[in-house]
Structure formats: structure tokens, C-alpha cells
Amino acid sequence: MTSTYQNPRYAFRRPAALGSAVPERARVVITGAGVVGLTLALDLARRGVPSVVVDEDDTVSYGSRAICWAKRTLEIFGRLGLGERFLEKGVTWSRGRVFFQDQEAYGFDLLPEQGHEYPAFVNLQQYYAEEWLVRACDASGLVDLRWQTRVTGVEAQAAGALLHLGTPEGDYGLHAEWLLACDGARSTVREALALPFQGQVFRDRFLIADVVMHADFPSERWFWFDPPFHPGQSVLLHKQPDHVWRIDFQLGWDADPEVEKQPERVIARVKAMLEGASGMAAPPFELEWVSVYTFRCRRLEKFRHGRVIFAGDSAHQVSPFGARGGNGGVQDVDNLGWKLAAVLAGEAPEALLDSYDDERVLAADENILNSTRSTDFITPKNSAAHAYRDAVLHLARSHGFARQLVNSGRLSRPATLHGSPLATPGGEGLPLGTPAPDAPVLVAGRADWLLRHIGADGRFTLLCFGELPAEIPAGITALLVADDDRAGALWDHAGLVARRWQAKPGDCLLLRPDQHLAARLQAPEAAEIAAAHRRALGLV
Amino acid sequence: MPLQTEPRLADPDALYEALMQAHRALDEAASRRLDARLVLLLANHIGDMDVLRDAIALATQGDQP
Ligand SMILES: Cc1cc2nc3c(=O)[nH]c(=O)nc-3n(C[C@H](O)[C@H](O)[C@H](O)COP(=O)(O)OP(=O)(O)OC[C@H]3O[C@@H](n4cnc5c(N)ncnc54)[C@H](O)[C@@H]3O)c2cc1C
């Protein structure tokens with residue numbers, strides 16, 4: 001139990017189907033009310049799609065898990081109405097420092113440019129994110145959250161899947177037309193369908209300690225390689241809200257997790273670290289949470305299996321260096337929500353969901369590649385790897401090129417959906433599949449952000465520079481970006497929209513509801529726009 | 001430009017001597033680090049990933065397990 005946070009307890013409500021021989025039926029069932037399942041439920045609710053969400057537990061995440069939420073994820077939470085809360089409660093940061101042995105090797109800034117609503121990262125304990133998501137789901141009136149409801153079996157069927165559910169008051173069956181498996185790394189759904197989940201285990205252990213203390217280290221990510229206070233291993237320090245600090249100690253494969261978790265031992269390590277980092281006596285602190293982890297990278301071969309679709313840790317797992325697990329999962333459901341809603345509304349064929357598989361497998365591979373490379377740098381596997389690692393760190397003190405080689409975690413960045421089947425080839429500017437870059441705009445004289453206007457209504461957006469086409473096909477919201485103050489337009493007063501989008505007058509960019517670029521058109525006819533729209537819906 | 005393997009050094013013996021000199025006082029581990037720094041500096045100087053991949057492939061042929 002932590003001293004700064006009390007887990008809410010959500011009540012079990014007896015479902016009507018309990019004890020009935022006939023399974024209950026639902027159109028959309030999400031297994032797992034973790035950060036990914038809840039985000040998906042909320043996204044669907046905002047598109048008017050009701051869902052049933054089942055979770056075996058009666059609360060949000062316990063203790064220390066995800067803390068770093070990346071810019072793209074914050075933009076998604078922004079679209080879902082929770083962005084402000086992250087900014088308000090979370091610790092904003094974009095700078096980091098890397099230390100090697102007893103010296104600082106260099107510092108970096110992940111978002112050196114101004115003019116974005118969200119910073120590179122906000123640190124916030126995962127349980128807060130989940131608690132806010134639960135509240136927003138409840139408030140939507142479209143999410144039927146069922147706590148203490150454990151999936152014990154799954155039978156895939158042509159028109160969906162039959163779930164066997166266990167509750168404190170008995171078992172029942174629930175037939176889902178669409179089953180969205182967000183039940184985490186040990187997914188019961190994945191196991192019930194006997195789908196292989198393959199990849200690499202890293203032979204290393206990490207001690208994760210969250211401590212409460214009043215210290216004045218800056219809001220930066222500090223990473224030590226081989227520091228005097230923890231020789232031969234790495235250490236990572238991060239600030240969280242509530243005066244909680246996350247410290248990760250690399251322990252090596254031979255460490256005994258039970259011994260390492262003993263409070264006296266952890267306290268001694270933290271003390272040595274604080275003294276080493278500040279050169280002063282350690283401030284008083286209390287242990288909030290301690291755990292020892294090993295990490296792996298693996299994924300399902302396919303994320304879509306007919307009417308059963310996997311997202312988040314049930315589909316892919318990465319090492320935490322780079323904060324790509326939770327961020328990747330939220331970006332999965334950002335991709336999935338609008339597509340499923342379009343299929344359910346009869347606007348798109350079921351095959352549209354194959355593009356979820358194409359696009360998010362690509363993104364997962366990018367995350368796995370980056371997180372594997374980081375792990376290889378942090379945990380050298382032999383003496384040559386060790387020598388290269390130390391050589392890079394040594395050179396990094398005085399040479400910029402070597403800083404680029406230091407890999408203490410390539411921090412989560414959104415995938416550009418290269419080669420997406422939904423994109424219309426042609427045109428110039430930002431690559432197709434790019435997630436929309438933000439920029440400041442003025443709307444009726446008021447300061448505003450571009451991204452707030454894209455996809456907020458759940459629809460496709462046609463972002464038009466300078467002038468609107470004469471005719472806009474149905475289902476698309478046209479937005480005019482102007483370099484002067486015009487009624488009904490977004491005024492690109494700083495010129496940053498045009499610059500970041502590499503847009504010329506007459507350009508019309510078609511954006512999917514998840515804010516990814518689907519087509520780059522020039523002064524298009526309605527038919528051209530409609531064709532790109534149809535393609536993005538999987539209709540051609 | 002592909003990886004160049006024809007003779008290019010004006011004074012090969014001087015290069016060899018400079019390398020030996022650099023390693024002379026070092027133990028195994030320090031020698032390894034020196035070589036690694038050297039490879040990294042030269043790789044950045046070359047700056048062409050195709051050339052570097054060719055060089056790695058060619059060098060790997062020396063000690064196939
Ligand atoms: C130490 C650590 C640090 C991390 N740091 C970061 C970070 O900084 N940034 C980041 O983005 N990610 C980070 N991650 C990864 C992140 O925590 C996960 O990727 C994220 O929690 C995945 O969310 P999820 O919803 O897919 O799965 P989970 O959060 O695991 O949720 C799965 C849910 O399914 C439920 N469930 C499971 N089985 C069943 C069943 N049979 N029946 C019913 N319900 C079931 C569970 O109760 C749970 O609520 C970190 C992870 C760790 C361990």
C-alpha cells in the first residue's frame with residue numbers, strides 16, 4: 001500500500017444474466033480495464049458506441065508502473081477530454097542528463113521548440129490515469145464497467161466470441177460480437193485462443209523503488225551509467241507528482257529478487273544514490289513502493305483474429321526503457337476506435353480492421369526494435385559490447401556524434417504509418433501516415449491549438465490552406481487555415497501550421513479521425529476528396 | 001562510393017607503428033576500449049552506412065566461428 005495514494009474500490013454489481021443458462025449478448029466487449037481497455041472504451045463511447053468492460057480486479061493499477069506519458073499519448077488524452085488533468089497534476093519535463101561514472105556526459109532537450117499544447121513528456125502514476133478514465137467512462141453513460149469479473153474461458157466463433165465469466169456471486173456467459181482483448185501481458189484471451197506470444201527475455205533484473213521525499217532535483221530524467229554509488233550498473237531517476245521519485249537500479253541477472261526487495265537494503269541503495277547525486281547528505285525519505293522486474297520484448301504475430309482484436313500489452317510487450325508500453329497501447333486504441341465505430345455504423349467494411357493489424361504491428365515492431373536496442377546498450381552482453389558502450393560514453397563527454405550513440409532509452413515517439421493501405425499516394429509535404437503536428441492558431445481572436453480542431457467531432461478532417469474547395473463530400477469536416485484573420489478560419493498567425501505541415505496555398509490534407517495524414521491533395525475536386533476518403537475507410 | 005580496399009596509405013608502416021604505440025601500455029580491457037573508440041571515431045568520419053556495413057561484413061569474414 002502506498003502512503004500518497006489510496007486505491008478506489010469499485011463495487012461489484014450483479015448482472016442480470018447471472019445464473020441464466022442463456023448467455024448474455026453484447027455488441028462490443030472489452031476484457032481488461034487497464035489503461036488501454038479504458039481508453040478504448042472511452043474513445044468508443046465518444047463515438048456513440050456502447051461497450052461492456054470486464055476486469056477481474058475491483059480497482060486501478062497498484063503501485064509503481066507506467067509514469068512517463070509521451071506527447072502523442074497526451075494529445076490522444078486531450079482529444080478524449082483528459083489532457084488538462086495530465087498537465088495539471090503531472091510533472092512536465094523534456095530535459096534529461098546522462099552521467100558516466102563520476103561525471104556528467106551531456107544533457108538533452110526532447111522538445112526544444114515552442115508552440116505545442118503538450119510537452120514531450122508528463123510524468124504521472126498510472127493509477128491516476130486509470131482513475132480518471134474510469135470516471136470519464138462512467139460519465140459517458142455508454143460504458144458498462146463490470147468489476148470482479150474474471151474471464152475464465154473464450155470460444156472464438158464466426159460472429160464473435162463467447163466469454164465465460166467468473167464473479168464472486170457465480171458464473172455466466174457473455175457473447176460478444178466483437179471482443180477487444182486488452183487484458184494485459186498475461187492475457188487470458190490470448191492463452192484461450194492458444195496464440196503464440198514470442199520474443200526475447202533480457203537476462204537482467206531491475207529494482208524499482210518509489211520514494212517520497214522533499215528534494216529539489218529538477219524535473220529532468222537523470223540516467224547514470226556505472227556511477228560510483230552503484231558500480232558496474234545503471235540507475236535512472238524520475239520525478240512524479242506527490243513528491244514521489246522513481247529510482248530504477250539495474251541489478252544484473254544474478255541478483256536475488258527476494259533479498260533485493262528487503263527494505264533495509266533498498267534504503268541503503270537509495271541513500272547512497274541520493275548522496276552520490278547531490279554530493280550532500282541524503283534528505284529524509286520514505287519507501288513508497290518496491291519491486292524487482294525482468295523485462296522482455298515479444299508480440300503476437302497478428303493483432304486481429306477475426307472478431308477478436310488485441311491491443312496493448314496483450315498484443316505486445318516491450319522493456320520499459322523508452323516508455324513505449326503504455327504509450328504504444330494507447331496509440332493502438334487511438335488507431336482502432338474510429339475504425340471499429342465505422343464498421344459498426346456500416347460505413348466501412350470489416351476489412352478496414354485489417355489495417356489496424358498492418359499499422360499497429362508496424363508500430364509495435366518499431367517499439368520493440370527501439371526498446372531492444374536500448375536494452376542491449378544498457379545491459380552489454382559480452383566484453384566487446386561493454387567496451388563499445390564505455391567507448392561511446394567516454395567520447396560523449398566531448399563529441400556530439402557520440403552523444404547520438406548513447407542509448408539510455410529512445411523515448412516513445414509515435415509511429416509514422418509508412419505504407420498504410422489507407423493512404424492515397426501522391427502529393428508533397430509531410431510523409432503520408434504522419435501523426436498531425438500541433439501548432440498555435442487564433443480562432444476568433446482567441447489563442448487555440450490546431451490539434452483541438454482535428455478529429456474532435458469524430459470525423460475525417462480536410463485541412464485546407466488558403467482556400468476551401470467549392471464542394472466538400474459528406475462525412476468530412478473542412479477546416480480553413482488562413483494566414484490572415486478571416487471569419488470561420490484558423491488564423492495561422494505565427495506561420496507554424498504551414499511550416500510544420502510543409503503546406504503551400506491550395507493544399508488540402510485529409511486527416512483520419514485519429515489525426516494521421518491520409519492524403520495530400522492540391523486544390524482538389526470533390527470527387528478526388530471523396531476517393532481519398534473512401535480509400536481511408538477501406539472501401540477501395 | 002564503395003568500400004575501398006586497394007592500397008591508399010602513403011606510409012603503411014607508420015600507421016602500424018602508431019597503432020602499436022597506442023596499445024603498448026594497455027591491458028586487455030583498456031585495449032578493447034581504445035579500439036572501440038577508434039572504430040567509432042573513424043566510423044563517424046566515414047559517415048556512410050553502406051561503406052560501414054561493407055567493412056563490417058568484410059571484417060567478419062576473418063573469424064567466422
Ligand atoms: C516498472 C514498469 C514501468 C513502466 N513504465 C512505463 C512508462 O513510463 N510509460 C509507459 O508507457 N509504459 C510503462 N510501462 C508499461 C505499462 O505499464 C503497460 O504497458 C500498460 O500497463 C499496459 O496496459 P494494458 O491496459 O494493456 O495492460 P494492464 O495495465 O496490464 O491491464 C490489464 C487489465 O486486464 C485485467 N485482466 C487481466 N486478466 C484478466 C482476466 N482473465 N479477466 C478479467 N480481467 C483481466 C487486469 O486486472 C488489468 O486491469 C511500465 C511497466 C512497468 C512494469
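Which helix of chain A gives the most to the lining of the largest cavity? Helix α8 of chain A, residues 325–344, does so, with 3 residues. The legends below refer to a predicted model.

**View 1. The largest cavity and its lining residues.** A search of the whole structure turns up 3 cavities of 30 Å³ or more. The largest cavity holds about 60 Å³ of space. Its lining is made up of R72(A), Q331(A), D334(A), N335(A), R360(A), P414(A), A415(A), D514(A) and H516(A).

**View 2. Residue classes in the lining of the largest cavity.** Of the lining residues, 4 are charged, 3 are polar and 2 are nonpolar. R72(A), R360(A), D334(A) and D514(A) are among the residues that line the cavity, as are P414(A) and A415(A). Helix α8 of chain A supplies 3 residues to this lining.

**View 3. Domains of chain A.** Chain A is divided into domain 1, domain 2, domain 3 and domain 4. Domain 1 is assembled from the segments 24–90, 121–196 and 299–369. Domain 2 covers 200–296, domain 3 covers 374–403 and domain 4 covers 440–536. Between the C-alpha centres of domain 2 of chain A and domain 4 of chain A the separation is 47 Å.

**View 4. The loop of chain A that carries P218(A).** P218(A) is located in the loop that joins β13 (206–213) to β14 (221–225) of chain A. P218(A) has a relative accessibility of 32%, so it counts as partly exposed; the range for that class runs from 20% to 50%. A436(A) is 218 residues from P218(A) along the chain, and 30 Å separates the C-alpha atoms of the two residues.

**View 5. Chain B, with its elements in the order α-α-α from the N terminus.** Chain B contains 3 helices and 0 strands. For 65 residues the globule rule gives 11 Å, whereas the radius of gyration of chain B is 14 Å, well over that value, so chain B is more spread out than a compact globule. Along the principal axes, the C-alpha atoms of chain B fill a box of roughly 35 × 30 × 25 Å.

**View 6. Burial and exposed surface of chain B.** Among the 65 residues of chain B, 12% count as buried. The area exposed by chain B is about 5,500 Å². Carbon and sulfur atoms supply 57% of that area.

How values were computed. Residues numbered from 1 in each chain as written. Chains lettered and ligands numbered in written order. Predicted model: local features only at pLDDT ≥ 70, side-chain atom pairs only at ≥ 80, totals over all residues. Heavy atoms only, no water. 1 Å grid on protein atoms, 1.4 Å probe; cavity = no way out; pocket = protein on both sides within 12 Å on 5 of 7 lines; lining within 4 Å. Points joined across faces, edges and corners; volume = space filled by probe spheres on them. Helix = DSSP H or I, 4+ residues; strand = E, 2+ residues; numbered from the N terminus. Nonpolar A, V, L, I, M, F, W, Y, C, P; charged D, E, K, R; others polar. Domains from an automatic or database assignment. Rg over C-alpha atoms; globule rule 2.2 N^0.38 Å. Buried < 20%, exposed > 50% of the residue type's maximum accessible area, 1.4 Å probe, protein only. Areas by Shrake-Rupley, 256 points an atom, 1.4 Å probe, with all protein chains shown as cover.
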